[in-house]
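Hi,

Here's the structure I said I'd pass along. Have a look at it first, and then read on for what turned up.

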Amino acid sequence: MSEFLRKYWFVCLIAIAMIAMLVYFVMDMNKDNVSGKQTDGKDVVASTSLGDYTSDEMFDDYQGFNQSLLYYMYQDAVVNQSVEATPEMKEEAKAQAKTLETNMKSDSTGQTEYRLMQQLAGFGFEGDDAIENYCMTSLKLQKLERDYIEKNKDKYFKNVVNSPKEISIITINVDSVDTPSEEQKTKMENVDKALEDGTFADAATAFSEDTATAGLAGYYGYYDESSSSFDESIKTALKGLKKGEMTEWIGVTDPQTGAAVQYRVYVNETDFETIYNSENEATGKSALNALLSANPGLEVSTVRDAAEKLGDIKFEDEEVQKQVESYIKEQTGGSEDEK
């Protein structure tokens, strides 16, 4: 379970890029930044092993998204002018970019690379540093969001539902959840004995067969009831558990592969603010995403607040300004108490 969930964070990131892709007018806004490369007389905004992606193709792809795409270009401009990159952020952006590039290259068809570079070009990110620059902008946005939330946490934290928890797991692979082998029964009994005599962390380190968490003393991280990747039996077992409590054995069979696993799950924390401020970066990011999901318009309010601090922002085109302002009003409800 854990390895599967952690593996597919990349897919989620690609989905975010596709949802937020820019730009109806990106070539005009970035005419001084794009390279001089052309193909068939068309400006090239991205090149991959599958071929070139031209400005005309991008225009056709994105013209139906004009209002939201204009806003996202505005958002990136505000974010990059509001937050100065720290050395730690630069290192993190490099690490994220490397992970993306590794996943991208693992697709031998080249489709992932082409699609990703196509989306990034839509964002206005192009060239050799496109992926890293995108990752940096995302990190800066997270910094803005956390700063804004800290000032308004009493307002936003109360909306988080779905019983958020910070959890750890122990995993034992079995032939069948109903009829494990004698060897597998012994392993589970050894876990039970270790839990009686010591801590969950010690038992997970000694016996868990999940490679992603065993080395972390069983630590999994953020969980809530809306986490669709969790089997319903796990959600049911965790419902109502308090900090320091754990489930009994939970048998789960993958409906696609038939793989059978027995889990025991421990609740490290249930206080959302504590989870949100976790020293574990992945847990903190998951909690931030949960907070954004629970508060529609929060991300846009964050950008609006940052823009107000920048002072008078001038638009070169009045229609663009109307579209951006309309989007912001729509997303935040236009209420004064959002400001």
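Below are my notes on the cores, two helix pairs and one valine.

Before anything else, keep in mind that this is a predicted model.

Let's start with the largest nonpolar core, which has 32 residues. The members that touch the most others are Tyr71, Tyr74, Leu120, Ile131 and Val324. Six helices each put at least two residues into this core: helix 5 (66–82), helix 6 (87–105), helix 7 (111–123), helix 8 (130–151), helix 16 (298–310) and helix 17 (318–332). Helix 8 gives the largest share, with eight residues. If you click on Leu120 and skip its neighbours within four places in sequence, you'll find it in contact with Phe125, Ala130, Ile131 and Tyr134. There's also another core, apart from that one, with 15 residues, including Tyr222, Tyr276, Leu291 and Leu292.

Now for helix 8 and its partners. How do helix 6 and helix 8 cross? Their axes come within 8 Å, at roughly 130°. Since oblique covers angles that are neither under 35 degrees, nor over 145, nor from 65 to 115, helix 6 is oblique to helix 8. The crossing is right-handed. On the helix 6 side, the residues that meet helix 8 include Met89, Ala93, Ala97, Leu100 and Met104, and on the helix 8 side they include Ile131, Cys135, Met136 and Leu139. Charged residues take part too, among them Lys90 and Glu92 from helix 6 and Glu132 and Lys140 from helix 8. By class, this contact has nine nonpolar, one polar and six charged residues.

Helix 8 also packs against helix 16, with the axes 9 Å apart and an angle of about 90°. That angle makes helix 8 roughly perpendicular to helix 16. Helix 8 brings Leu141, Leu144, Glu145, Tyr148, Ile149 and Lys151 to the contact, while helix 16 brings residues including Leu298, Thr302, Val303 and Ala306. The split here is seven nonpolar, two polar and five charged.

Last stop: Val252, which sits in strand 6 (residues 250–253). Is Val252 buried or exposed? Its relative accessibility is 13%, and buried means under 20%, so Val252 counts as buried. Leaving out neighbours within four places in sequence, Val252 is in contact with Val177, Asp231, Ser233, Ile234, Ala259, Ala260, Val261 and Tyr263. Try looking at Val174 as well: Val174 and Val252 are 78 residues apart along the chain, and their C-alpha atoms are separated by 9.8 Å.

Cheers

Methods: Residues are numbered from 1 along each chain as its sequence is written. This is a predicted model: local features need pLDDT of at least 70, side-chain atom pairs count only at pLDDT 80 or more; totals for chains, interfaces and linings use all residues. Side-chain values use heavy atoms; hydrogens and water are left out. A nonpolar core is a set of buried Ala, Val, Leu, Ile, Met, Phe, Trp, Tyr and Cys residues joined through side-chain atoms within 4.5 Å. Buried means under 20% relative accessible area, exposed over 50%, partly exposed in between (1.4 Å probe, protein chains only). Helices (H or I, at least four residues) and strands (E, at least two) are DSSP runs, numbered from the N terminus. Contact means heavy atoms within 4.5 Å. Axes are lines fitted to C-alpha atoms, for helices over the stretch in contact, and angles run from 0 to 180 degrees between N-to-C directions. A crossing is left-handed if the near helix is turned anticlockwise from the far one by less than a right angle, and right-handed if clockwise. Ala, Val, Leu, Ile, Met, Phe, Trp, Tyr, Cys and Pro count as nonpolar, Asp, Glu, Lys and Arg as charged, and the others, Gly among them, as polar.
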